[in-house]
Amino acid sequence: MTDETATAQRLVRRFARETNLLVAGRDFSVVGTDGVADELRRLLPAFGAHLGDAGTVGHGVVFAPGATPEILLDGKALPARETAPDRVDAAGRHMPVATDRARRLREAGTVKGVRIGIAMVLEPKTAQLALLLRDAGATVAVYAHPDEIDVEVAQVLRSRGIPVDGDPALSAAAERAAAVAFLRRGFDLLLDDGSHLIRLAHEEGIAAALRGAAEETTSGLTPLRLMEREGVLEIPVIAVNDALTKTSFDNRYGTGQSCVFAIADALDDAGIDLRDQPAVVVGYGPVGEGVAAHLRALGVQVGVTETDPVRALRATHDGYRIGRLHDLAPGALVVSATGAPHTVDAEVLRTAAIVAVAGGVPHEVDLDVSTLQSYAGADGQRSPFVERAGDGALVIARAGCVNLAAGEGNPIEIMDLSFAVQLYAVEHLLSLALPVGVHALPAEADTAIGTAALALRGERIDQRSAAQIDALREWRSPRFRGESA
């Protein structure tokens, strides 16, 4: 990789890291005619950015390599996000869709007095979800697992009147006790990520007190559907993850960008070029699609391994080589995107060059953390997130969810859409007497959220004409109209 390419990639990653904003769908312009500027103009569209001429973009991001400052956002230097309140408030400024949906809930009085528990990774965007629900009239409390809590953000919420349960020091029985105590606060609704608290409520025999829940993730819905089939699910659950405005954006664009950039930053800190070895993406669902696309945009040679033949076939048509994990892993960067335990076994951990997890569930990598050793590159550089597993692969972020363990999670605008879906799910649970089971949101939810997102960005789209609508209402074939004998 040339110095110009490396500098361009670092500038894009720096923008994402310092703002926690999305590259895809954003307006960018580039000042300059040198090699770095040329690489930026090539790189940005590969990430889905809108590239305009410098000076013609009324808002958005301007890269000016070598200038001071090198990056402008809406005409200004990147805003300071040095403190936790800064980060929480910055998230709020870039979450207009969720804010609009919360305003509707407040004006309708939908959640007034409703007790809502949020059990999610606690970082600035989650804090904003809690604040929006509180400001809409709900009584809100938050729980986060010990390895998924930003203690400074937790303190911001506490200072603003929202209780937070969770402590990084907890483990084993103490962690379970804290989660049970959170559930015993008594909630009407539970918003979960991974369905850990929903399942715990069932184990503790207190699920029936809930009016319902909403689940954010693919890995969390899988056990809930199993519970439904086996007749042990006791409450209605909204499958937030299945909404198009969640999965199509959160999983592909948000997780794709944040995980790949976190991997690249961690390796950069250790003196390793991401492109020094091929990559293998394990799983080609929406997360895998996003990870593969962002790796390829950075110039990495990418392969895909899948157990689903249709997804594997789609990967080949997207231009990736496919194969079996044990055949592709030796010497490669292996990124697990399955959300399934035991995806990366001991053999892969021994033969791969580097292992990381995108998304992630416990034990997605069969790793004994006691074997991890500090790693320093050839130039002596060390990354706090890169260690070696015995005499095998380098492991990033201890095989935890890399964008959370080594980054700030998904970009703000992505979580804006996901949390707008969560707020729609809250409204759906409260307005309907849903039976026990896992339920999809109606298609109107995606339409409403997509319409709001476009309107708030000042975008306009076409509508079907009266003639089109009339034609679609006609069941008779137009091909044979007027041809009867």
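This briefing covers the sheets, nonpolar cores and aromatic contacts of one structure. The model is predicted. An open sheet of 8 strands and an open sheet of 5 strands are described below, each with mixed pairing. The largest nonpolar core holds 117 residues, and a second, separate core holds 26.

**The 8-strand sheet**

- The strands of this open sheet follow the order S14-S13-S12-S15-S16-S19-S18-S17.
- Strand S14 (321-322) and strand S17 (372-374) are at the edges with a single partner strand each, so one side of each has no neighbour in the sheet.
- Strand S12 (residues 279-282) pairs with strand S13 (residues 302-305) in the parallel sense, over 4 bridges.
- S12 also runs parallel to strand S15 (residues 333-336), and 4 bridges join these two strands.
- Within S13, Gly303 is the bridge partner of Val280, and Val304 is the bridge partner of Val281.
- On the S15 side, Val282 has Ser336 as its bridge partner.
- Side chains of S12 alternate: Ala279 and Val281 point one way, Val280 and Val282 point the other way, and all are buried.
- A right-handed β-α-β unit is made by S12, helix H11 (residues 286-297) and S13.

**The 5-strand sheet**

- Here the strand order is S2-S1-S3-S4-S5, again in an open sheet with mixed pairing.
- S2 and strand S5 (76-77) form the edges; each has a single partner strand, so one side of each is left without a neighbour in the sheet.
- Strand S1 (residues 27-30) and strand S2 (residues 50-53) are parallel and share 4 bridges.
- Val30 is placed opposite Asp53 in S2.
- S1, helix H2 (residues 35-46) and S2 together make a right-handed β-α-β unit.
- Strand S3 (residues 61-63) and strand S4 (residues 71-73) run antiparallel and are joined by 3 bridges.
- Val62 stands opposite Leu72 in S4.

**Nonpolar cores**

- In soluble globular proteins, nonpolar side chains tend to be buried together.
- Within the 117-residue core, the residues with the most contacts are Phe63, Ile118, Leu295 and Ile396.
- Helix H16 (residues 412-431) contributes the most to this core, with 13 residues.
- The second core is separate and includes Ile206, Leu221, Met227 and Ala239.
- Which residues does Leu295 touch, leaving out those up to four places away in sequence? They are Val260, Leu274, Ala279, Val281, Val300, Val302 and Leu333.
- Two of these contacts, Ala279 and Val281, point one way from S12.

**Aromatic and charge contacts**

- A pair of aromatic rings is described by the distance of the centres and the angle of the planes.
- The count of aromatic pairs comes to 7.
- One of them is the tilted pair of Phe182 and Phe187, at 4.8 Å centre to centre with 45° between the planes.
- Both Phe182 and Phe187 are buried.
- Phe15, Phe28 and Phe63 are linked into a cluster by ring pairs.
- Phe63 is also among the residues with the most contacts inside the largest nonpolar core.
- Arg252 lies over the face of Tyr253, 5.0 Å from the ring centre.

How values were computed:
Residues are numbered from 1 along each chain as its sequence is written. This is a predicted model: local features need pLDDT of at least 70, side-chain atom pairs count only at pLDDT 80 or more; totals for chains, interfaces and linings use all residues. Side-chain values use heavy atoms; hydrogens and water are left out. A nonpolar core is a set of buried Ala, Val, Leu, Ile, Met, Phe, Trp, Tyr and Cys residues joined through side-chain atoms within 4.5 Å. Buried means under 20% relative accessible area, exposed over 50%, partly exposed in between (1.4 Å probe, protein chains only). Contact means heavy atoms within 4.5 Å. Two strands pair if DSSP finds at least two bridges between them. A crossover is right-handed if, with the strands pointing away from the viewer, the path from the first strand over the helix to the second runs clockwise. Rings of Phe, Tyr and Trp (its six-membered ring) pair if their centres lie within 6.5 Å; planes under 30 degrees apart count as stacked, over 60 as edge-to-face and the rest as tilted. A charge sits over a ring if NZ of Lys or CZ of Arg is within 6 Å of the ring centre and within 35 degrees of the ring normal.
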